[in-house]
Amino acid sequence: MHLEAIVLAAGAGSRFGGGKLLAPWRGSVLLSGALASALAAPVRSVHVVWGADPAVAAAASDIAARLEASARLRLVPATRHAEGLSASLAAGVAALPGDAEAAFVFLGDMPRIPDGVTGALAQALRDDVHASAPTFEGRRGHPVLFGRALWPSLMGLTGDRGAGDLLRGLGDRLALVAAPDDGVLFDVDEPSDISGGA
């Protein structure tokens with residue numbers, strides 16, 4: 001199966017006070033956690049969607065170079081990022097190769113995705129399963145793997161909302177995979193989250 005990854009990194013991080021994805025994190029910047037996880041996933045390429053802060057694109061290039069993965073990085077400008085998360089997601093989906101069969105969606109402010117989760121999500125996707133997502137203690141987390149059948153629905157989302165409602169409506173077509181720790185839930189909204197999650 002031809003798998004791709006999208007890393008959503010176009011927001012302004014206003015609750016954080018700006019510059020969230022470039023904040024220090026474990027010897028690098030916050031974005032490095034999600035991007036490293038995406039590059040470690042069983043995917044051909046990783047599409048980093050940037051918008052509010054052009055420095056995010058430069059940081060993504062630097063991180064990929066350090067991981068010797070520059071050839072697999074794609075930088076996708078989200079020209080409508082101010083419209084919210086849905087516009088960034090649509091930009092990422094629109095940039096996927098024509099032969100891609102499924103795509104992981106990572107959030108740039110989630111730096112602690114456990115090792116092995118993406119492989120398990122890929123194994124859970126079948127003909128009768130349109131998406132797979134990790135869970136921890138009964139809560140659904142990220143990244144989510146979306147099959148190609150859902151891409152038109154993802155492109156049709158509006159506002160500053162993700163695909164939560166879409167996933168809730170899938171019923172048995174959504175496979176849930178137990179994660180080993182709460183890294184699939186942990187995200188950074190405010191500066192205090194950096195110290196609490198490090």
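Okay, let's start with one residue: Leu35 touches Val7, Val46, Val48, Ala60, Ile63, Ala64 and Leu73, leaving out residues up to four places away in sequence. Contact here means heavy atoms within 4.5 Å.

Quick housekeeping. This is a predicted model, where local features need pLDDT of at least 70 and side-chain atom pairs count only at pLDDT 80 or more, while totals for chains, interfaces and linings use all residues. Residues are numbered from 1 along each chain as its sequence is written, and side-chain values use heavy atoms, with hydrogens and water left out.

Back to Leu35. The largest nonpolar core has 70 residues, and Leu35 is one of those that touch the most other members, along with Val7, Leu31, Val46, Phe104 and Phe146. A nonpolar core, by the way, is a set of buried Ala, Val, Leu, Ile, Met, Phe, Trp, Tyr and Cys residues joined through side-chain atoms within 4.5 Å. Buried means under 20% relative accessible area, exposed means over 50%, and partly exposed is in between, using a 1.4 Å probe and protein chains only.

Now the helices. I'm using DSSP runs numbered from the N terminus, with helices (H or I) of at least four residues and strands (E) of at least two. Helix H1, residues 31-40, is mostly covered, with eight of its ten residues buried. Leu35 is in that buried set, and so are Leu31, Ser32, Gly33, Ala34, Ser37, Ala38 and Leu39.

What about helix H3, residues 85-94? Seven of its ten residues are buried, so H3 is largely enclosed by the rest of the structure. Those are Ser86, Ala87, Ser88, Leu89, Ala90, Gly92 and Val93, and what covers them includes S1, strand S4 (46-50), S6 and helix H5 (151-155).

H3 also takes us to the largest pocket, since H3 supplies at least two residues of its lining, as do S1, S6, strand S8 (139-140), strand S9 (144-147) and helix H6 (164-168). Which element gives the most to that lining? That's H6, with four residues. The pocket has a volume of about 1,200 Å³, and 46 residues line it, with Lys20, Leu85, Leu107, Asp109 and Asp160 nearest its centre. The definition is a mouthful: on a 1 Å grid over the protein atoms alone, a pocket is an open set of points with protein on both sides within 12 Å along at least five of seven lines, and lining residues have an atom within 4 Å of a point. Grid points are joined across faces, edges and corners, and the volume is the space filled by probe spheres set on the points.

Next, a buried serine. Ser132 is found in strand S7, residues 131-136, and its relative accessible area is 0%. A polar atom of the Ser132 side chain lies 2.9 Å from the backbone oxygen of Leu121. Leaving aside neighbours within four places in sequence, Ser132 is in contact with residues including Leu121, Ala124, Pro143 and Leu174.

Let me stay with Pro143 for a second. Pro143 is in the loop between S8 and S9, and a cis peptide bond with omega of about 5° joins it to His142. Two other backbone oddities are Arg26, with a positive phi of about 50°, and Glu68, with a positive phi of about 55°; neither is a glycine. Why mention these? Because most residues other than glycine have a negative phi, and most peptide bonds are trans. Arg26 sits in the loop between S2 and strand S3 (28-29) and is exposed at 55%. Glu68 lies in the loop between helix H2 (55-66) and strand S5 (73-77), and it's exposed too, at 77%.

Last up, salt bridges: a side-chain nitrogen of Lys or Arg within 4 Å of a carboxyl oxygen of Asp or Glu. The count comes to ten. One of them pairs Asp189 with Arg15, at 3.7 Å from N to O. Asp189 is in the loop between strand S10 (174-178) and helix H7 (191-197), and Arg15 is in the loop between strand S1 (3-9) and strand S2 (24-25), so the pair ties together parts 174 residues apart in sequence. Arg15 also meets Glu190 in a salt bridge, at 4.0 Å, and that pair is 175 residues apart. Is Arg15 itself buried or exposed? It's exposed, at 57%, whereas Asp189 is partly exposed at 22% and Glu190 is partly exposed at 37%. Finally, Glu4, Arg44 and Asp99 are linked in a network of salt bridges.

Key:
Polar contact = N/O pair within 3.5 Å; in protein donor to acceptor, adjacent residues only side chain to side chain. 1 Å grid on protein atoms, 1.4 Å probe; cavity = no way out; pocket = protein on both sides within 12 Å on 5 of 7 lines; lining within 4 Å.
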